[in-house]
Amino acid sequence: MENVIILTRCVKIFIVASLVSLFIYNLYILRGSFVILFGYLSSMPGDVTYVKFVGLAYWAGYVSLTARFICLVLALTAVFMLWIKGWSFMRVKKLVFAALFLEGMYFVGLIPSLWFLFRSGTIAFVPSLGYGYLLQIIFTVPFLWALSYQVMKYQTSSQKPILLKFGALAFLGYTTALVANEVSRWATMISLESLKFIVGIRAVGFFNALAFMPFAIVFAVAGAYRLFQEKELSAMRWFGASLIVVGLNYTIYFGYVYFVHALNTLPLVDIWTVPLLGLGIMLILNARKKQG
């Protein structure tokens, strides 16, 4: 096996930045769900109509957003205990287990939306988005829960290789889910407005998502393969490249929505992933520094 990876301070900073970014993103959307909930409970006509129309998908989404909120609180707490307080992994593994399990629950909450999006003959019929949700569920829930199980049963350092392998699979699955979400949303826009939609600055966003984003999966596969070969430094470089693709994609997307005056659409996509660009760069530099 290659030398054991030791994360630099810069890598840790960007890991925290990515978690905080997701926390803020999730909190913003959860706040919107609370506003609708209060409106529904107060019998506000618009909110009552919306909740009744969306049905179970709304309630499941509300629960899943709450689960992700708790997940991120636990994840940030675990990071604080590990890197600031100097606790061992054994002391925080229950927090990590719960965070991973709850993140899986977030994606389980997408299941009712499948029925909602696949209902033909209604204005909610958006199969391309439904397929994107389905892929997100398939590629996250099993791997996140399998990883959480491995975390919970972790006892000695001899179990580290198997834990890393499950972590690699979870990384690959999560990356695939991010790509599926991005591609499905562009496919939805095309299905609603035809290929004439892809003109000017919109073409940059389109080709960025469909031609560039899939490389995140390719690099994640390469990273997982190298980790299964117990080549940790090489795996770190490939995982870093995968994160760079994802972060760069959404950095470009942010520029795209700015130029088309559609900043209000940012909560609909995984804009929280922008800090992953810095994390990916730091991982590659970390690997090179260790190798040197």
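These exercises work through helices, a salt bridge and a surface patch in a predicted model.

**Exercise 1. Helix H4**

Task: Find what end-to-end span helix H4 (residues 89-108) should have, and compare the C-alpha atoms at its ends.

Solution:
- Helix H4 has 20 residues.
- The expected span is 1.5 Å times one less than the number of residues.
- For H4 that gives 28 Å, and the end C-alpha atoms lie 27 Å apart, so the two agree.
- H4 does bend, by about 30 degrees at Leu95.

**Exercise 2. The salt bridge**

Task: Which side chains meet in a salt bridge, and which helices hold them?

Solution:
- Searching the whole structure turns up 1 salt bridge.
- Its partners are the side chains of Arg68 and Glu103, at 2.7 Å from N to O.
- Arg68 sits in helix H3 and Glu103 in helix H4, so the pair links parts 35 residues apart in sequence.
- Buried means under 20% relative accessible area.
- Arg68 has 2%, so Arg68 is buried.
- Glu103 has 6%, so Glu103 is buried too.
- Other buried residues of H4 include Val92, Leu100 and Phe107.

**Exercise 3. Two partly exposed residues**

Task: Classify Val73 by relative accessibility, then do likewise for Ile138.

Solution:
- Partly exposed lies between the buried limit of 20% and the exposed limit of 50%.
- Val73, in helix H3 (residues 56-83), has 35%, so Val73 is partly exposed.
- The C-alpha atom of Val73 is 9.5 Å from that of Val20, 53 residues away along the chain.
- Ile138, in helix H6 (residues 127-152), has 43%, so Ile138 is partly exposed.
- Ile138 joins Tyr131, Leu134 and Leu135 in a nonpolar surface patch of about 360 Å².

Conventions: Residues are numbered from 1 along each chain as its sequence is written. This is a predicted model: local features need pLDDT of at least 70, side-chain atom pairs count only at pLDDT 80 or more; totals for chains, interfaces and linings use all residues. Side-chain values use heavy atoms; hydrogens and water are left out. Patches are made of residues with over 30% relative accessible area and no salt bridge: like charges are joined within 9 Å, nonpolar side chains (Val, Leu, Ile, Met, Phe, Trp, Tyr) within 5 Å. Accessible areas come from the Shrake-Rupley method with a 1.4 Å probe; for residues, only the protein chains shown count as cover. A salt bridge is a side-chain nitrogen of Lys or Arg within 4 Å of a carboxyl oxygen of Asp or Glu. Helices (H or I, at least four residues) and strands (E, at least two) are DSSP runs, numbered from the N terminus. Buried means under 20% relative accessible area, exposed over 50%, partly exposed in between (1.4 Å probe, protein chains only). The bend at a residue is the angle between axes fitted to the seven residues ending there and the seven starting there.
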